[in-house]
Amino acid sequence: MNSLCVLIMAAGKGTRMKSAIPKVLHPVLDNPIIDYVIRNVLSVGIPPENVGVLVGSGGERVEEYLQKKFPEVKILWQHEQLGTGHAVKSALEWWQNYENMIVLNGDLPLMKPESLKELISCCEKNDCTVITFNAENPGAYGRILRGENSVSIIEFKDASESQREIHEVNAGCYAFRVKALHEVIGLITNDNAQKEYYLPDALKLMNERGMSTGAFVMPEEQMQGVNTQSELANVSRVMREEIIARWLNEGVRIVDTGSVYIGVDVVLSPDVVIMPNVQLWGKTTVGTGSIIGSGSILRNATLGRNVNIIAYAVIENSTLNDNVKAGPFCYIRDNTVLEENSFAGKFVELKNSRIGRGSKVPHLSYMGDATLGHDVNIGAGSITCNYDGENKNKTHIGNNCFVGSNTMFVAPVELSDGAATAAGSVITQRVPENSLGVGRARQKNIADWSLRNHHQQHKGEN
Ligand code: UD1
Ligand code: MG
């Protein structure tokens, strides 16, 4: 017999969110609520095959997400959402083979591994143990009724005036001895204000049968459920502040902690400096000594050491090696790599390109599907014409090339090592090693033209 399983309830409608997105897929920073809950469970060493997630309302989307992110986690369907008691009962076939079970509301992204560990340890003590917290504003949470040696829960809508005064509330985290829960789960009724089957009623039923129930208190900050957009915003704020505090503690300098957002999977290093109004998302990593300038948004970006993002750079799924400089105002995306000491400057877009060591793309350029060797200089306004309407074609620029301003590379096309282009060239053919490619009309001057035309016509207008 397997000893412990964890059941996460994520089938509810989330009516109070007033959104078409299933509640547990709403993001806290840049990860869905359910992601935090499952990570927390896995972080205490529960094997993913012992974790079940109940899905129902919007369940296809939740299932799709989970299959991609946590393929070993068991998906359990609750086809009709008749309450948390009904949810747990509908997964009976799955959990009845375990000895103990933790049941968690799927809307608790701030819960910490320590609380979960403590809850797991309670499986030895009681037939059911719940986590509670003392809510400053207990709102619609279930109220905790403590007896001499037992605990039960009354839902807010069923509570009397005096019970509503109670500030100790149910967090939605339960440790059950499976044998005990098995006895009472079928006895829960929907005879209450919401006509729902309440899981918290299991405690009352256990108490009536002489089974043991208990509770322990955890801090409110980590036990807040997400039921409304306002609670989501609040939980996101707490998560944001926690992550920022963690990185400050690791030696990162955050100039304005109030305006910086850092996702949970971001990895920073000591002596990274983050200027105001920066967002770091996804699996972004930043090496020591790097500076992320104001207004920059990085997603799945890998930055080496001493990278200088001057300001207003958007960097997605790309790598900037040691000592790279970028910005202000650049967009670097789709597996672009900037090798050591290279530079992407003002109004520059780099897509799926490799910029060699020490090379510079300083102003007003688009390099798409291009490879640049080392020590290349790209003159202002140069672009790759990489798309012919059907295919994306490659541009190859060798080492030590000098590209004149406003060069158009009509891809596929190549500049061999040491080649140059004249400013304003449209390059459609390979430029051989150390040669100059000139691809523009020759200039012709027409004498006195202005006197005869232009200036005459406009005379007196200014
Ligand atoms: C629940 C508790 C309440 C507690 C609070 C803590 C019940 C009846 N009440 O209330 O005592 O203080 O959590 O946050 O349990 N779900 C299903 N299937 C359903 C209904 C709900 O899977 O049929 C899931 C939801 O997706 C959610 C969780 O169960 O993740 C809790 O449901 P929710 O509607 O948020 O319950 P609360 O009203 O918050
Ligand atoms: Mg809730």
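This report describes the ligand site and a selection of local features in a predicted model.

## The site of ligand 1

Ligand 1 takes up the space of the largest pocket. Around ligand 1 there are 23 residues, of which Met9, Gln78, Thr84, Glu155 and Asn170 come nearest. By residue class, the shell around ligand 1 divides into 9 nonpolar, 10 polar and 4 charged residues. Three elements, strand E1 (2-10), helix H3 (84-90) and strand E10 (168-177), each supply at least two residues of this shell.

Oxygen atoms of ligand 1 lie close to N or O atoms of several residues, with the distances tabulated here.

| Residue | Part of the residue | Distance to an oxygen atom of ligand 1 |
|---|---|---|
| Lysine 23 | polar side-chain atom | 3.0 Å |
| Glycine 83 | backbone N or O atom | 2.9 Å |
| Threonine 84 | N or O atom in the side chain | 2.7 Å |

Taken alone, ligand 1 exposes 750 Å², and the protein buries 90% of that area. Threonine 84 thus appears twice in this description: it is listed among the residues that come nearest to ligand 1, and its side chain places an N or O atom 2.7 Å from a ligand oxygen.

## Strand E10

Strand E10 (168-177), one of the elements that supply residues to the shell, contains both glutamate 168 and asparagine 170.

Glutamate 168 has a relative accessible area of 11% and is therefore buried, the limit for a buried residue being under 20%. The side chain of glutamate 168 makes polar contacts with two other side chains: that of threonine 132, at 2.6 Å, and that of arginine 146, at 2.8 Å.

Asparagine 170 has a relative accessibility of 8%, so this residue also counts as buried. Its side chain is joined to that of tyrosine 174 by a polar contact of 3.0 Å. Asparagine 170 is also one of the residues that come nearest to ligand 1.

## Helices H1 and H4

Helix H1 spans residues 33-43, and because 8 of its 11 residues are buried, the helix is largely enclosed by the rest of the structure. The buried residues of H1 are Ile33, Ile34, Asp35, Tyr36, Val37, Ile38, Asn40 and Val41. Just after H1, glycine 45 adopts a positive phi of about 95°.

In helix H4 (residues 92-95), the residue considered here is glutamate 93. Its relative accessibility is 62%, so glutamate 93 counts as exposed. Glutamate 93 and leucine 76 are 17 residues apart along the chain, and their C-alpha atoms are separated by 10.0 Å.

## Backbone features in loops

Two peptide bonds that precede proline are described here as cis. The bond from glycine 327 to proline 328 is cis, with omega near -5°; proline 328 is placed in the loop between strand E21 (325-326) and strand E22 (330-333). A cis peptide bond also joins alanine 411 and proline 412, with omega of about 5°. Proline 412 is found in the loop between strand E32 (408-410) and strand E33 (413-415).

Positive phi values also occur at asparagine residues. Asparagine 277, a residue other than glycine, has a positive phi near 60°, and its place is in the loop between strand E14 (273-274) and strand E15 (279-281). Asparagine 434 likewise has a positive phi, of about 60°, although it is not a glycine. The loop that holds asparagine 434 runs between strand E35 (426-427) and strand E36 (436-437). With a relative accessible area of 60%, asparagine 434 is exposed, since the limit for that class is over 50%.

Serine 425 lies in the loop between strand E34 (420-421) and E35. At a relative accessibility of 0%, serine 425 counts as buried, whereas asparagine 434, in the loop after E35, is exposed. Serine 425 and alanine 441 are 16 residues apart in sequence, and their C-alpha atoms are 8.7 Å apart in space.

Methods
Residues are numbered from 1 along each chain as its sequence is written. Chains are lettered from A and ligands numbered from 1 in the order in which they are written. This is a predicted model: local features need pLDDT of at least 70, side-chain atom pairs count only at pLDDT 80 or more; totals for chains, interfaces and linings use all residues. Side-chain values use heavy atoms; hydrogens and water are left out. A residue is near a molecule or strand if one of its heavy atoms lies within 4 Å of it. A polar contact is a pair of N or O atoms within 3.5 Å; within protein, one must be able to donate a hydrogen and the other to accept it, and residues adjacent in sequence count only if both atoms are side-chain atoms. Accessible areas come from the Shrake-Rupley method with a 1.4 Å probe; for residues, only the protein chains shown count as cover. On a 1 Å grid over the protein atoms alone, a cavity is a set of points where a 1.4 Å probe fits but cannot get out, and a pocket is an open set with protein on both sides within 12 Å along at least five of seven lines; lining residues have an atom within 4 Å of a point. A molecule sits in a cavity or pocket if more than half of its atoms lie within 2 Å of its grid points. Helices (H or I, at least four residues) and strands (E, at least two) are DSSP runs, numbered from the N terminus. Ala, Val, Leu, Ile, Met, Phe, Trp, Tyr, Cys and Pro count as nonpolar, Asp, Glu, Lys and Arg as charged, and the others, Gly among them, as polar. Buried means under 20% relative accessible area, exposed over 50%, partly exposed in between (1.4 Å probe, protein chains only).
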